[in-house]
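Please have the sequence and the model open side by side while reading the paragraphs below. They move from charged pairs to aromatic rings and then to the core.

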Amino acid sequence: MERPELFEEIFGRHFNVIYRHVARRVGPDSAGDIASDVFERAFATRHRYKTAFTSARPWLFGITANLLRQHYRKHRRATMAHWKATSRESWKSADDTEAADRRVDAEAMSTSLSNAMAKLRKEEREVLLLYAWSDQSYPEIAASLGIPIGTVRSRLARARARLRELMGDDWRREQQGTRNDLDGPKGMG
């Protein structure tokens, strides 16, 4: 990408998607800074972008994955505390009993899912979150992480199986009557 002025179009097209993904991973307090860092790094390394790709999205998610790894290494405990605190606060303010009960159930599931996700290998967790939260296709995930599509498929399959194993009855209760994004499209999970 020889003309820096064209980078504005990439920023405009992809910032919100990157921001939402990062916010889901680390919370809104750090999301703006990390999303901005993604585009700062992308601009600085724009000469490495392969124009053969039809979209800059996988390239940007690759940068995002690297920055999130750095963030987690630095702030692992703070991130987990934020995730748990956010889910607790959401049900404390409920003013009717039925809504409070639903929120308590959701918090228990969220905590159970959080704990199970923390037990996944980081490579499996990363693929799973890119698929479930960022709605990336297998080829996009492969390009984002610089791994073969077959590796994406196997990591995703292992992550799903491990989550089912770790969550046991909680997973089955959650799945009754609903399709979960972690299970993927019909026939995939």
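**Charges, rings and core**

Arginine 57 is buried, because its relative accessible area is 17%, and a value under 20% is what buried means here. The model is a predicted one, and this arginine offers a starting point for its charged pairs. The side chain of arginine 57 meets that of glutamate 140 in a salt bridge, with 3.6 Å from N to O. Glutamate 140 belongs to helix 6 and arginine 57 to helix 3, so that the pair links distant parts of the chain, 83 residues apart.

Helix 3 takes part in another such link, since arginine 69 lies in helix 3 and glutamate 126 in helix 5, and the pair therefore ties together parts that are 57 residues apart in sequence. The two side chains meet in a salt bridge of 3.0 Å, N to O. Arginine 69 counts as partly exposed, at 28% relative accessibility, whereas glutamate 126, at 9%, counts as buried.

Helix 5 also reaches helix 7 through a charged pair, for the side chains of glutamate 124 and arginine 158 meet in a salt bridge, again given from N to O, at 3.0 Å. Because glutamate 124 lies in helix 5 and arginine 158 in helix 7, this pair ties together parts that are 34 residues apart in sequence. With a relative accessibility of 6%, glutamate 124 counts as buried, while arginine 158, at 38%, counts as partly exposed. Which residues are joined into one network by salt bridges that share partners? They are Arg121, Glu123, Glu124 and Arg158. The count for the structure comes to 7 salt bridges.

We turn next to the aromatic rings. The structure holds 7 aromatic pairs, and one of them is formed by phenylalanine 11 and phenylalanine 39, whose ring centres are 5.0 Å apart and whose planes stand at 75°, so the pair is edge-to-face. The reasoning behind that label rests on a cut-off, because planes over 60 degrees apart count as edge-to-face. Phenylalanine 11 is in helix 1 (residues 7-26) and phenylalanine 39 in helix 2 (residues 28-44), so that this pair, too, links distant parts of the chain, with the two positions 28 residues apart in sequence numbering. Are these two rings buried or exposed to some degree? Phenylalanine 39 is buried, with a relative accessible area of 4%, whereas phenylalanine 11, at 37% relative accessibility, counts as partly exposed. Ring pairs link both of them with Phe7, Phe15, Tyr19 and Phe43 into a cluster.

Phe43, a member of that cluster, also has a charged neighbour, for the charged end of arginine 46 sits over the ring of phenylalanine 43, 4.0 Å from its centre. Proline 4, in the segment before helix 1, is in contact with both Phe43 and Arg46, once its neighbours within four places in sequence are left aside. From C-alpha to C-alpha, proline 4 and arginine 46 are 8.3 Å apart in space, although 42 residues apart in sequence. Proline 4 counts as partly exposed, at 32% relative accessibility. Elsewhere, arginine 160 lies over the face of tyrosine 131, at 5.4 Å from the ring centre.

Helix 1 deserves a separate look. A kink of about 50° occurs in helix 1, centred on histidine 14, and this histidine is among the buried residues of the helix, which also include Phe7, Ile10, Phe15 and Ile18. Histidine 21, likewise in helix 1, counts as buried at 2% relative accessibility. Apart from its neighbours within four places in sequence, histidine 21 is in contact with Phe61, Thr64, Leu68, Leu129, Leu130, Trp133 and Ser134. Helix 1 is followed by glycine 27, which has a positive phi near 95°.

The nonpolar core comes last. The largest nonpolar core has 40 residues, of which Ile18, Phe39, Trp59 and Leu60 touch the most other members. Two or more residues of this core come from each of helix 1, helix 2, helix 3 (57-92), helix 4 (97-119), helix 5 (122-132), helix 6 (138-145) and helix 7 (149-167). Tryptophan 59 is in contact with Phe7, Ala42, Thr45, Arg46 and Tyr49, leaving aside its neighbours within four places in sequence. Two of these partners have appeared above, since Phe7 is in the ring cluster and Arg46 sits over the ring of phenylalanine 43.

Notes:
Residues are numbered from 1 along each chain as its sequence is written. This is a predicted model: local features need pLDDT of at least 70, side-chain atom pairs count only at pLDDT 80 or more; totals for chains, interfaces and linings use all residues. Side-chain values use heavy atoms; hydrogens and water are left out. Rings of Phe, Tyr and Trp (its six-membered ring) pair if their centres lie within 6.5 Å; planes under 30 degrees apart count as stacked, over 60 as edge-to-face and the rest as tilted. Helices (H or I, at least four residues) and strands (E, at least two) are DSSP runs, numbered from the N terminus. Buried means under 20% relative accessible area, exposed over 50%, partly exposed in between (1.4 Å probe, protein chains only). A charge sits over a ring if NZ of Lys or CZ of Arg is within 6 Å of the ring centre and within 35 degrees of the ring normal. A nonpolar core is a set of buried Ala, Val, Leu, Ile, Met, Phe, Trp, Tyr and Cys residues joined through side-chain atoms within 4.5 Å. Contact means heavy atoms within 4.5 Å. A salt bridge is a side-chain nitrogen of Lys or Arg within 4 Å of a carboxyl oxygen of Asp or Glu. The bend at a residue is the angle between axes fitted to the seven residues ending there and the seven starting there.
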